[in-house]
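Dear colleague,

Please find below the structure that I am handing over to you. My findings follow it.

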Amino acid sequence: MHRTPKLRRIAAALALCLLVSSVFAQLRLRDSAPDPDQPPAGEHKEWTFARLAYDGGFDGSRWDVDFPRAEYHFSDAVRRLTRVDVQPDGYVISPDSDELFEYPWLYAVEVGSWGFSADQAARMREYLLRGGFLMVDDFHGEAEWSDFMVGMQEIFPEGEVVDVPAQDLLYSMPYPIKERVQVPGPRYMNSGLTYERSDGVTPHWRGIRDDQGRWMVLISHNIDYGEGWEQADNPAYPEDFTRQAYEVAIDYLLYTMTH
């Protein structure tokens, strides 16, 4: 069956409308990220997904990437797969807030664009040394790593970033991670590539310990765990990536809550 020119024009117009609608829907969802440090919704629970709203560096701030889909999916997974009492609504918090110390687990995304004032860096340092934990995710390539380290050294000038061994204890509670894989971003569904930049082919799992050996900061470089959570209900995104994104992050969370 051959389409007439009129039918082809209608089909093209419908496809364009769907594309535009999808783009605007994503923009609305991205624009829905609240200002940091608003009063939290609902009653306080044992654990809340707390997103760090950092100030932007040279390229501006991108702390709200994947908001709120990452929060929604990961919080729901923690509720279903653990006995942790979960606040279903995430919370956006800045380093300036006195409420920072009420949230022992922080998530920071696209940290190749982050930056801190001297006061903010001091507050983040105090937060981590007092038992707080920071999960850093979704930044790629050597330039973003360098920019990330500028901010990290503002917090811990003497802090040593080391590779996290694949056999580390944190990969065994409750999910044994036999092999760590490079969880890719959304471009994978078009390109089939698990990396986003030509100088970001190799995934790195790194971290910073405190003086007692506790992991304070865990860093996933050239990896996008947040995308693995966000795409959990997308049949075009491989289930293996989503499963590992959930299992690794839940291991991190339970490690944090017990150490």
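Is E102 buried, partly exposed or exposed? The model is a predicted one, and in it E102 has a relative accessible area of 47%. Because buried means under 20% and exposed over 50%, E102 counts as partly exposed. The residue is located in the loop that runs between strand 3 (86-93) and strand 4 (105-109). E102 also belongs to a negative surface patch, whose other members are D37, D55, D96, E99 and D119.

Turning to the interior, the largest nonpolar core comprises 37 residues. Within this core, the residues with the most contacts are W47, F74, W105, M135, Y225, W229 and Y252. At least two core residues come from each of the following elements: strand 1 (47-52), helix 2 (69-81), strand 4, strand 6 (133-139), strand 9 (215-221), helix 6 (225-230) and helix 7 (239-258). Helix 7 is the greatest contributor, supplying 10 residues.

Some points of backbone geometry may also be of interest to you. As general background, most peptide bonds are trans, and most residues other than glycine have a negative phi. The following cases depart from that pattern.

Cis peptide bonds:
- F67 and P68 are joined by a cis peptide bond with an omega of about -5 degrees. P68 sits in the loop between strand 2 (55-56) and helix 2.
- The bond from M173 to P174 is likewise cis, its omega being near -5 degrees. P174 lies in the loop that connects strand 7 (162-163) and helix 5 (188-191).

Positive phi values in residues other than glycine:
- E110 has a phi near 55 degrees and is placed in the loop between strand 4 and strand 5 (114-115). With a relative accessibility of 12%, E110 is classed as buried, because the limit for that class is under 20%.
- N222 has a phi near 65 degrees and occurs in the loop between strand 9 and helix 6. Its relative accessible area is 2%, so N222 is buried as well.

Strand 4 thus recurs in this account: strand 4 supplies at least two residues of the core, the loop before strand 4 holds E102, and the loop between strand 4 and strand 5 holds E110. Similarly, the loop with N222 runs between strand 9 and helix 6, and each of these two elements supplies at least two core residues.

With kind regards

Terms used. Residues numbered from 1 in each chain as written. Predicted model: local features only at pLDDT ≥ 70, side-chain atom pairs only at ≥ 80, totals over all residues. Heavy atoms only, no water. Patch = residues over 30% accessible without salt bridge, like charges linked within 9 Å, V, L, I, M, F, W, Y side chains within 5 Å. Areas by Shrake-Rupley, 256 points an atom, 1.4 Å probe, with all protein chains shown as cover. Salt bridge = Lys/Arg side-chain N within 4 Å of Asp/Glu carboxyl O. Lys, Arg positive; Asp, Glu negative; His and termini not counted. Charge placed at Lys NZ, Arg CZ, Asp CG, Glu CD. Helix = DSSP H or I, 4+ residues; strand = E, 2+ residues; numbered from the N terminus. Buried < 20%, exposed > 50% of the residue type's maximum accessible area, 1.4 Å probe, protein only. Core = buried A, V, L, I, M, F, W, Y, C linked by side-chain atoms within 4.5 Å.
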